[in-house]
Structures are given as structure tokens and as C-alpha cells.
Amino acid sequence: MTIRGIGLHSGEPSMVRFHPAEGPVRFRLGGLEFRPLASSVVDTTRCTVLGHQHLRLMTVEHLLAALYIRGIWEGLVIEVTGLEIPILDGSAQEWVAALQGFSSRGPKPEPVSGTIRVEEGRSSVLAQPADSFSLTVTILFPHPRIGYQQVQCPPTPLEELARARTFGFLNEVEAMRAQGLIKGASLENALVFSEQSFVNTPRMLYEPVWHKALDFLGDLYLAGRPYWGRFVAHRGSHRLHVELARLLQS
Ligand SMILES: [Zn+2]
């Protein structure tokens, strides 16, 4: 199966193909293969970027979140043509659907062995020992349509998070474009907020926090294997998520 699209940040076309293969899940790019691991992350400004030798691969988080949701840790090579994973509709639902043909495979979840906490200003992420997986994510944006939002999985099933789209604010568009970001962003691939309201219609009541939880799963995938534990992210960022995954990985 081939999936084509454009990158959210680069605006460039790219293509992804899934191939069954023995061994751990890995990317194939420019003739090289590398695993999606926190130790390979080279940038977390607005998206998660993997680096391998001279190669860079941007915005891996939604595809990795789909792998997390589907429990796929082995048996797959993800061939990428381009420098960024396609943004598609801004969520992970097309990735989850595209991975239906691959079965859940990988090591048994390992229990988180002690409390790990990473913080920066008023943001924090936490992993604590527990005998199952749970995730609580909260966000706080001073916007009349967002404010404080929380999602807890369970009871919300992880698969439900896949539908939540990337979100952004109209008043940040120019500044981000000036930094060379979001060249591919549009109302087709993001939930966009104006100063007081939405520009397009949300898919669910708490789409922003559901999407944050989806980003968290994608970054947590970079720990390289599933874990049992209680995970909490308050006003998280790719930087904090990836740091947590890196600490788990080590
Ligand atoms: Zn995202």
C-alpha cells in the first residue's frame, strides 16, 4: 500500500509504503534503515524529527501513534520517500486504517520501574509504576474555546484518539511561516482557531487535548517497546514527551 501526501511543515510531497519484514519496526529512507528511537531524535520544535547519519525525517509522531495504538513493534519496514511523513488529514486515523493488514507484534510490556518526572516551567510529564497502561493528558490554553481540557485513557480507548487533528491558531500562522514551519498547513489538515472561536468545525468536544494525547503516544513509541505504567502529561510538548521516552529507553 502506498500513501501519498504533503508534509505539514515542509509543504513538500512525500510517500510512505509499508512492507512486512522480520525484526523491529524501522524506517527505510535514502537506502538506509533506522529504528524510531528517542536516542535518534534531533529536533522537537513543533514536531518530532528523527535523524540518521545525514538524513532527517520530520513529523513522525502521528504515524508512530498509530503503531502504538495498533500494538505494532515488530514485523514492519516503513519506506519513506521525502523528508517528512505526510500530514494527511492532521490526525492518525488514515495511518491506523492503513496498518490494519499488520498484526500486533512485539515484546511484552515492561513495567515502569520507578517514578520518572520531566518538567519545564509549568509543563510536566510523568511515568509511574502500575500493573496496566493508563494515560492522563491535560492542556491549558487561554482561549475561549479551549481553556482547561483533560482526557483519560481508559476509559477513552486509545483508538478513539486517532481521529483528533493537529490544531493551531490563526494569529500564529505568520510567525510560524516566517520560521519555515507549517508550509503545508490548511483547513484540510488542522483544526484552526481564530481569536475567539474556530475557523473549521471540531470533530469532537475536546479535540485539542485528544490530539495532545495522540502526540504523546507517538513520542512514547520512541521508548522502543511498550510499557505498563501510569503516564501523565500536563501541558506537554514534544520535547518533554521525547525526554520521557529517552529516560525509559535508557
Ligand atoms: Zn500532532
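1. Start with Asp43, which stands opposite Val49 in strand 6. Keep in mind that this is a predicted model. The pair belongs to the link between strand 5 and strand 6 (residues 49-52), two strands that run antiparallel and are joined by 2 bridges.

2. Zoom out a little and you'll find that strands 5, 6 and 7 make up an open sheet of 3 strands, in the order 5-6-7, with antiparallel pairing. Strand 5 (41-43) and strand 7 (55-57) are at the edges with a single partner strand each, so each has one side without a neighbour in the sheet. From one strand to the next, the twist averages 40°.

3. There is another open sheet to look at, this one with 5 strands. Its order is 1-2-8-3-4 and its pairing is mixed. Which strands stand at the edges? They are strand 1 (2-6) and strand 4; each has a single partner strand, so one side of each is left without a neighbour in the sheet. Ignoring direction, neighbouring strands here are turned by 30° against each other on average.

4. Strand 3 is a good place to see what "mixed" looks like in practice. With strand 8 (residues 74-81), strand 3 (residues 26-29) pairs in the parallel sense, over 4 bridges. Follow it residue by residue: Arg26 is opposite Val77 in strand 8, and Phe27 is opposite Ile78 in strand 8.

5. Now for the pairing of strand 3 with strand 4 (residues 32-34): that one is antiparallel, over 3 bridges. Here Arg28 stands opposite Glu33 in strand 4. The two strands form a hairpin with 2 residues between them. Have a look at Gly30 while you're there, since this turn residue has a positive phi of about 55°.

6. On to helix 1 (residues 61-70). Is it enclosed or open? Of its 10 residues, 10 are buried, so the helix is largely enclosed by the rest of the structure. The buried set isn't limited to nonpolar names like Leu63, Leu64 and Ile69: Glu61, His62 and Arg70 are among the buried residues too. What do the buried residues of helix 1 pack against? Helix 2 (93-98), helix 3 (158-161), helix 5 (207-220) and helix 6 (238-249). Right after the helix comes Gly71, with a positive phi near 70°.

7. Two residues of helix 1 turn up again in the largest nonpolar core, which has 67 residues. Ala65 and Ala66 are among those that touch the most other members, along with Ala213, Leu214, Leu217 and Leu222. Take Ala213 as an example: setting aside neighbours within four places in sequence, Ala213 is in contact with Leu135, Val137, Val151, Cys153 and Leu161.

8. Last stop, His143. You'll find it in the loop between strand 12 (133-141) and strand 13 (147-153). Why is His143 classed as partly exposed? It has 14 other C-beta atoms within 10 Å, and the partly exposed class falls between 12 or fewer (exposed) and 20 or more (buried). For a sense of distance, His143 and Arg122 are 21 residues apart along the chain, and 17 Å separates their C-alpha atoms.

Conventions: Residues are numbered from 1 along each chain as its sequence is written. This is a predicted model: local features need pLDDT of at least 70, side-chain atom pairs count only at pLDDT 80 or more; totals for chains, interfaces and linings use all residues. Two strands pair if DSSP finds at least two bridges between them. Two residues are in contact if their C-beta atoms, placed from the backbone, lie within 7 Å. Axes are lines fitted to C-alpha atoms, for helices over the stretch in contact, and angles run from 0 to 180 degrees between N-to-C directions. A nonpolar core is a set of buried Ala, Val, Leu, Ile, Met, Phe, Trp, Tyr and Cys residues joined through C-beta atoms within 7 Å.
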